[in-house]
Amino acid sequence: MAKRVQVVLNETVNKLGRMGQVVEVAPGYARNYLFPRGIAEPATPSALRRVERLQEKERQRLAELKAVAEKQKATLEKLATITISMPVGEKDMLFGSVTPQDVADAIQAITGETIDRREMVLPEIRKLGTYTAEIKLHPEVSVKLNIQVVAD
């Protein structure tokens with residue numbers, strides 16, 4: 001049985017590992033598939049040092065993103081409630097519904113902070129009233145906001 005070789009991945013490979021990760025593979029797989037396509041390189045000491053430097057830069061970048069998210073969370077927590085006015089029909093039913101884009105626009109108008117609408121979890125808002133929305137600013141940072149819907 002041939003021994004396995006260690007390689008450093010230059011790209012993310014499904015069911016094998018992420019970019020920069022050191023994995024063990026069969027020598028033929030490395031020699032015939034990974035190396036010729038530039039997907040991986042041998043795990044030499046210089047390659048491992050380069051991977052360490054890249055991982056450290058990535059950790060610093062993620063820490064900066066988390067700090068920005070914490071700052072946004074503090075800004076959003078100062079808002080007690082976001083008020084959105086919508087046109088209303090009979091029985092306090094809205095024409096349409098309040099969407100995450102509406103909430104993101106209201107937040108930007110009040111605070112100047114840009115929030116990604118895809119990171120919001122909203123209940124279905126089709127009537128006047130107060131609702132709670134959760135906004136995920138970072139995988140480790142989220143904030144809950146009260147949204148008050150009033151008649152136009």
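Here are a few numbered notes on this predicted model, going from the sheet to the cores and then the pocket.

1. Start with the sheet. Four strands make up an open sheet in the order β4-β7-β6-β5, and the pairing is mixed. At the edges sit β4 (81-86) and β5 (120-121), each of them paired on one side only.

2. The β5 edge deserves a look of its own. β5 runs antiparallel to β6 (residues 129-138), and two bridges join these strands. If you want a spot to zoom in on, V121 stands opposite E134 in β6.

3. Now the helices. α2 (residues 45-78) packs on the sheet, where it touches β6 and β7 (141-151), and its direction makes about 35° with that of β7. α3 (residues 100-111) packs on the sheet too, touching β4, β5, β6 and β7. The direction of α3 makes about 120° with that of β4.

4. On to the largest nonpolar core, which has 24 residues. The members that touch the most others are L76, I84, V98, I107, I135, L137 and V149. Two or more residues come from each of α2, β4, α3, β6 and β7, and β7 gives the largest share, with five. As a general point, nonpolar side chains in soluble globular proteins tend to be buried together.

5. L76 is a handy place to centre the view. Setting aside neighbours within four places in sequence, L76 is in contact with I107, I115, L137, V143 and L145. There is also another core, apart from this one, with nine residues, including V7, L9, V25 and I39.

6. What about Q72, in helix α2: is Q72 buried or exposed? The relative accessible area of Q72 is 14%, and the cut-off for buried is under 20%, so Q72 counts as buried. Beyond its neighbours within four places in sequence, Q72 is in contact with E113, T114, I115 and L137. Two of these names are familiar from the previous point: I115 and L137 are also among the contacts of L76.

7. Last, the largest pocket, with a volume of about 390 Å³. Its lining has 15 residues, and M19, G20, L54, Q55 and E58 are the closest to the centre. Which elements give two or more residues to the lining? They are β1 (5-9) and α2, and the largest share, seven residues, comes from α2. So α2 is worth following along its length in the viewer: this helix touches β6 and β7, gives residues to the largest core and lines the pocket.

Note on methods: Residues numbered from 1 in each chain as written. Predicted model: local features only at pLDDT ≥ 70, side-chain atom pairs only at ≥ 80, totals over all residues. Heavy atoms only, no water. Pairing = 2+ DSSP bridges. Contact = heavy atoms within 4.5 Å. Axes fitted to C-alpha atoms, helices over the stretch in contact; angles between N-to-C directions. Core = buried A, V, L, I, M, F, W, Y, C linked by side-chain atoms within 4.5 Å. Buried < 20%, exposed > 50% of the residue type's maximum accessible area, 1.4 Å probe, protein only. 1 Å grid on protein atoms, 1.4 Å probe; cavity = no way out; pocket = protein on both sides within 12 Å on 5 of 7 lines; lining within 4 Å. Points joined across faces, edges and corners; volume = space filled by probe spheres on them.
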